[in-house]
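The briefing below takes up ring pairs, surface, charge pairs and one loop residue in turn. Please keep the sequence and the structure in view while reading.

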Amino acid sequence: MADRGRERITWWLFLLPALCYLLLFFGYPLVKNVTMGFQRYTVTTFYTGDAPFVGLRNYAEVLLSDAFRRALLTTVLFTAGSVLGQFVLGLALALFFRRSFPLGTLLRSLLLLPWLLPLVVSGTTWKWMLDTDTGVVNRALRDLHLVSSDVPWLTGTSEALVSVILVNVWVGVPFNTAILYGGLQDVPAELYEAAELDGAGRWAAFRHITWPLLRPVAGVVLVLGVIYTVKVLDIILVVTGGGPAGATQTLAVQSYDLSFQRFEFGRGAATGNVLIVLSLLFALVHLRAGRRARDARGVVR
């Protein structure tokens with residue numbers, strides 16, 4: 001009994017630093033943000049400490065505003081475009097790198113550079129490249145005679161959203177490639193050999209072997225992609241600043257704008273809490289769908 005008690009004490013002593021870290025840097029900010037969503041929290045609160053409880057007023061003002069509806073639509077378009085682009089390109093590159101060829105390992109390592117770079121550096125570089133007058137993207141398009149006039153990548157209300165999606169896709173493709181490539185390594189090569197003997201082509205092998213076995217990994221990648229993308233802030237702030245005319249203002253950018261530009265911390269916290277709830281709902285829906293799929297496979301077996 002004494003030895004078991006010492007083991008428990010030792011176990012808690014090793015676990016305590018991690019628990020303290022989680023409570024201090026994750027638990028407290030989350031609780032504080034939820035609390036601020038129900039308060040009139042402004043700049044004067046830092047001096048007076050007075051933050052009156054206003055109930056659901058912040059949420060009502062946020063959810064019923066036209067700015068929130070526009071930001072929600074922008075968030076959906078930005079998330080869908082980014083996640084789809086990252087996944088499709090990541091899967092294509094993972095399938096490409098599955099084959100052995102000279103310098104394949106080196107190229108896979110270099111592919112991680114966009115993901116390893118600080119987002120501020122990536123955003124600043126792309127902002128320079130997409131500049132209407134001096135950007136290399138417009139210059140290359142003109143030299144290739146693909147456009148007759150400069151494309152307003154950062155100043156057009158429709159082009160700006162496409163631009164930040166492209167930048168976010170560029171940043172996220174390496175992560176998708178790495179995870180999907182790891183999933184492909186678990187697919188037995190014998191299955192492809194048997195399919196080839198049966199006369200199955202590449203598309204048939206992908207449809208009946210690769211995709212069914214890769215689906216669990218793909219689901220994780222998509223969920224992580226959505227959760228990460230809905231809260232993207234750095235890239236949009238650096239590249240477009242949420243403009244022009246709010247064309248690239250997502251819920252994350254709106255929360256930042258309310259909190260640190262207008263200093264309406266209560267409404268900013270409410271917007272952030274709505275974003276958290278939407279992310280959790282998406283994750284729960286995916287987990288439930290995955291559980292039903294596993295149960296269905298168990299019944300079939």
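Rings of Phe, Tyr and Trp, the last taken by its six-membered ring, count as a pair if their centres lie within 6.5 Å. In this model, which is predicted, ring pairs link Tyr41, Phe46, Tyr256, Phe260, Phe263 and Phe265 into a cluster. The structure holds 17 aromatic pairs and 5 salt bridges, and a selection of these is described below.

**Aromatic pairs**

- A pair of aromatic rings is described by the distance of the centres and the angle of the planes.
- For Phe87 and Trp211 the ring centres are 6.2 Å apart and the planes stand at 80 degrees, so this pair is edge-to-face; planes have to be over 60 degrees apart for that class.
- The pair links distant parts of the chain, since Phe87 belongs to helix 4 (residues 66-97) and Trp211 to helix 11 (residues 202-229), with their positions 124 residues apart.
- Phe87 is buried, its relative accessible area being 9%, whereas Trp211, with a relative accessible area of 26%, is partly exposed.

**Nonpolar surface**

- Trp11, Trp12, Leu16, Leu19, Tyr21, Leu22, Leu24, Phe25 and Phe26 make a nonpolar surface patch of about 980 Å².
- One of these residues, Leu19, lies in helix 1 (residues 2-36) and is partly exposed, with a relative accessible area of 32%.
- Residues enter such a patch with over 30% relative accessible area, and the 32% computed for Leu19 therefore meets that cut-off.

**Salt bridges**

- Side chains of opposite charge can pair when their charged atoms come close.
- Glu61 forms a salt bridge with Arg267, in which the closest N and O atoms are 3.9 Å apart; the cut-off for a salt bridge is 4 Å.
- Because Glu61 lies in helix 3 (residues 57-63) and Arg267 in helix 14 (residues 265-300), this pair ties together parts that are 206 residues apart in sequence.
- Arg267 also forms a salt bridge with Glu264, here with the closest N and O atoms 2.7 Å apart, and salt bridges that share partners thus join Glu61, Glu264 and Arg267 into one network.
- Both acidic members of this network are partly exposed, Glu61 with a relative accessible area of 39% and Glu264 with a relative accessible area of 27%.
- A further salt bridge is formed by Asp66 and Arg69, whose closest N and O atoms are 2.2 Å apart; these two residues both lie in helix 4, 3 residues apart, which is about one turn of the helix.
- Asp66 counts as partly exposed at 46% relative accessibility, and Arg69 is likewise partly exposed, with a relative accessible area of 44%.

**A loop residue: Thr155**

- Thr155 is found in the loop between helix 8 (136-143) and helix 9 (159-184).
- At 54% relative accessibility Thr155 counts as exposed, because that class begins over 50%.
- When residues up to four places away in sequence are not counted, Thr155 touches Thr132 and Pro244.
- From C-alpha to C-alpha, Thr155 and Gln249 are 14 Å apart in space, while in sequence they are 94 residues apart.

Key: Residues numbered from 1 in each chain as written. Predicted model: local features only at pLDDT ≥ 70, side-chain atom pairs only at ≥ 80, totals over all residues. Heavy atoms only, no water. Phe/Tyr/Trp six-rings, centres within 6.5 Å; stacked < 30°, edge-to-face > 60°. Helix = DSSP H or I, 4+ residues; strand = E, 2+ residues; numbered from the N terminus. Buried < 20%, exposed > 50% of the residue type's maximum accessible area, 1.4 Å probe, protein only. Patch = residues over 30% accessible without salt bridge, like charges linked within 9 Å, V, L, I, M, F, W, Y side chains within 5 Å. Areas by Shrake-Rupley, 256 points an atom, 1.4 Å probe, with all protein chains shown as cover. Salt bridge = Lys/Arg side-chain N within 4 Å of Asp/Glu carboxyl O. Contact = heavy atoms within 4.5 Å.
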